[in-house]
Each structure stands twice: as structure tokens, then as C-alpha cells.
Amino acid sequence: MPQAVAGPEIERLIQLLARMPGLGPRSARRAALQLIKKRDTLLAPLADAMRVAVERIVVCRECGNVDTCDPCTICSDPKRDPTVLVVVEDVSDLWALERSGAVQARYHVLGGVLSALDGVRPEHLNIASLAERAANPEVTEIIIALNATVDGQTTAHYVTDAIKALGLTVTRLAHGVPVGGELDYLDEGTLTAAIRSRTAF
């Protein structure tokens with residue numbers, strides 16, 4: 001077992017940083033050292049921002065987004081199209097779609113995807129609340145924006161079946177060749193999806 005090179009407070013900071021996605025032990029040590037070197041301009045403001053986040057951040061009771069208000073900023077925005085609901089797996093997917101600026105609709109965060117391997121069943125996800133929101137007469141379209149994985153597609157089929165009786169238009173994101181992608185570098189699954197989802201030119 002490696003020997004500690006700093007006091008317990010610094011080691012705890014490193015261990016907590018190492019739990020973050022994309023940060024291993026080495027990256028966590030580098031990040032901790034950078035924070036310590038810039039205590040006044042980085043560490044103190046970050047600690048203050050985290051304290052405020054712990055106190056004020058809540059989960060939106062309508063869509064499942066995280067914000068400092070409930071309902072969240074997106075659900076409260078009168079400029080949003082109330083006829084369209086975009087179903088996403090996680091808040092990170094919602095944020096990605098918002099960065100693109102491609103859609104001005106409302107969202108619904110499922111909080112994960114169905115996975116027999118991980119024991120994630122329909123009752124563990126926000127599918128029942130989605131069905132309630134979809135039953136609103138204002139809603140006319142559901143966009144399934146789930147990842148093109150086996151679990152994502154299984155969840156998409158389950159969600160579609162759960163709201164089928166409502167008679168809504170259900171669409172999904174296009175799959176296939178990304179903008180700027182070269183065919184030679186794509187895997188067979190992506191190419192197959194692109195061929196099957198081809199459109200008129």
C-alpha cells in the first residue's frame with residue numbers, strides 16, 4: 001500500500017477527487033495540488049460554491065432536472081414548447097441537448113435506463129411520472145433521446161409501450177454517421193444504423 005505523502009486533510013481531498021468520473025488517483029493528486037497552490041483564487045471559491053450547492057440545489061419535481069429552484073428554470077420558462085417532451089436518461093444528457101440549442105421543448109429525466117444486469121427495473125425509473133405528464137392534453141409529441149446502447153434501446157421500447165395508449169407521436173434521435181465523420185473510421189453497428197435510417201437526398 002502506498003505511503004501517505006501529506007496530512008490526512010490533503011489525503012481526504014485527494015480521495016474525494018479520485019471518486020469523480022474521469023479522475024484516477026494520479027489526476028486527483030494533480031488536481032488537489034493545483035487547488036492547494038491556488039488556495040485564494042481557486043480552492044476557497046470552489047469550497048464556497050460547493051457549500052452553496054449542497055444547501056440550495058434541488059431536483060425538479062416536474063422533470064427531474066437539478067437546479068436551485070423547483071420547478072426548474074426550464075420548466076418555468078414560458079417560451080418552451082409545451083407540446084413536446086424530450087425524454088433523456090440523465091441530467092447530463094439534458095445539459096448536452098441544451099448546449100446544442102437544437103430544441104426548445106420541455107424535458108423528462110428518467111434517472112437511468114433499464115438494466116437486468118444491474119437490477120434496474122421500471123419502478124426504479126421516472127417512467128410513471130412520464131406517463132402522467134404525457135397524458136396532459138397539451139403534449140402531442142414525445143422525443144426519445146436515449147443512448148444507442150442495448151439498455152437505452154430496451155428502455156426506449158418500454159417507454160414507447162407505456163405511453164402507446166395515449167396516441168402521441170413518438171420519435172427518436174437519428175442514428176448513424178455523425179456530421180464530419182468518415183466511413184472508414186466508423187464501427188459496423190453505426191454503419192448498419194446509418195443505412196437502415198437513410199433518408200431522401
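The exercises below, each with a worked solution, concern a predicted model.

**Exercise 1. Work out the order of the strands in the four-stranded sheet, and state which strands lie at its edges.**

Solution. Begin with the arrangement as a whole: four strands form an open sheet in the order β4-β3-β5-β6, and their pairing is parallel. Next, look for strands that pair on one side only, which are β4 (residues 105-109) and β6 (residues 169-172), the edge strands. Finally, follow the sheet across its strands, where the twist averages 25 degrees from one strand to the next.

**Exercise 2. Describe how β3 is joined to β4, and determine the handedness of the crossover between them.**

Solution. Start with the pairing: β3 (residues 81-88) runs parallel to β4, and five bridges join the two strands. Two positions help to fix the register, since V88 has V109 of β4 as its bridge partner, while L85 stands opposite R106 in β4. The chain then passes from β3 through α5 to β4, and this β-α-β crossover is right-handed. As for the surroundings of the edge strand, β4 is mostly covered, with five of its five residues buried. Two helices can be placed against this part of the sheet: α5 (residues 91-100) lies across β3, β4 and β5 and runs at about 160 degrees to β4, whereas α6 (residues 127-134) touches β3, β4 and β5, with a direction that makes about 155 degrees with that of β4.

**Exercise 3. Identify the buried residues of α5, and explain why they can be assigned to the same side of the helix.**

Solution. First list the buried positions of α5, namely V91, D93, L94 and L97. Then consider their directions around the axis: they cover an arc of only 160 degrees, and therefore lie on the same side of α5. The cover over these buried residues includes β2 (residues 66-67), α4 (residues 73-76), β3, β4 and β5. Just after the helix, G101 takes a positive phi of about 70 degrees.

**Exercise 4. Check the length of α2 against the expected span, and then separate its buried side from its exposed face.**

Solution. For the length, α2 (residues 25-37) has 13 residues, which at 1.5 Å a residue should span 18 Å; the C-alpha atoms at its ends are 18 Å apart, so the two values agree. For the buried side, the residues to consider are A28, A32 and L35. Because these cover an arc of only 60 degrees around the axis, they are placed on the same side of α2. A general point helps here: an α-helix has 3.6 residues a turn, so residues three or four places apart point the same way. The face turned away from the buried side carries the exposed residues R26, R30 and K37, while the cover over the buried residues includes α1 (residues 8-18) and α3 (residues 39-56).

**Exercise 5. Trace the chain from β5 to β6, and decide whether A148 is buried or exposed.**

Solution. The two strands pair in the parallel sense over four bridges, and within this pairing I142 stands opposite V170 in β6. From β5 the chain crosses through α7 (residues 150-163) to β6, in a β-α-β crossover that is right-handed. A148 is found in the loop between β5 and α7. Its relative accessible area is 59%, and since exposed means over 50%, A148 is exposed. Leaving aside residues up to four places away in sequence, A148 touches Q153 and H175. By contrast, A148 and P25 are 123 residues apart along the chain, and their C-alpha atoms are separated by 31 Å.

Methods: Residues are numbered from 1 along each chain as its sequence is written. This is a predicted model: local features need pLDDT of at least 70, side-chain atom pairs count only at pLDDT 80 or more; totals for chains, interfaces and linings use all residues. Side-chain values use heavy atoms; hydrogens and water are left out. Two strands pair if DSSP finds at least two bridges between them. Axes are lines fitted to C-alpha atoms, for helices over the stretch in contact, and angles run from 0 to 180 degrees between N-to-C directions. Contact means heavy atoms within 4.5 Å. Buried means under 20% relative accessible area, exposed over 50%, partly exposed in between (1.4 Å probe, protein chains only). A crossover is right-handed if, with the strands pointing away from the viewer, the path from the first strand over the helix to the second runs clockwise. The expected span of a helix is 1.5 Å times one less than its number of residues. The arc is that of the directions from the helix axis to the C-beta atoms.
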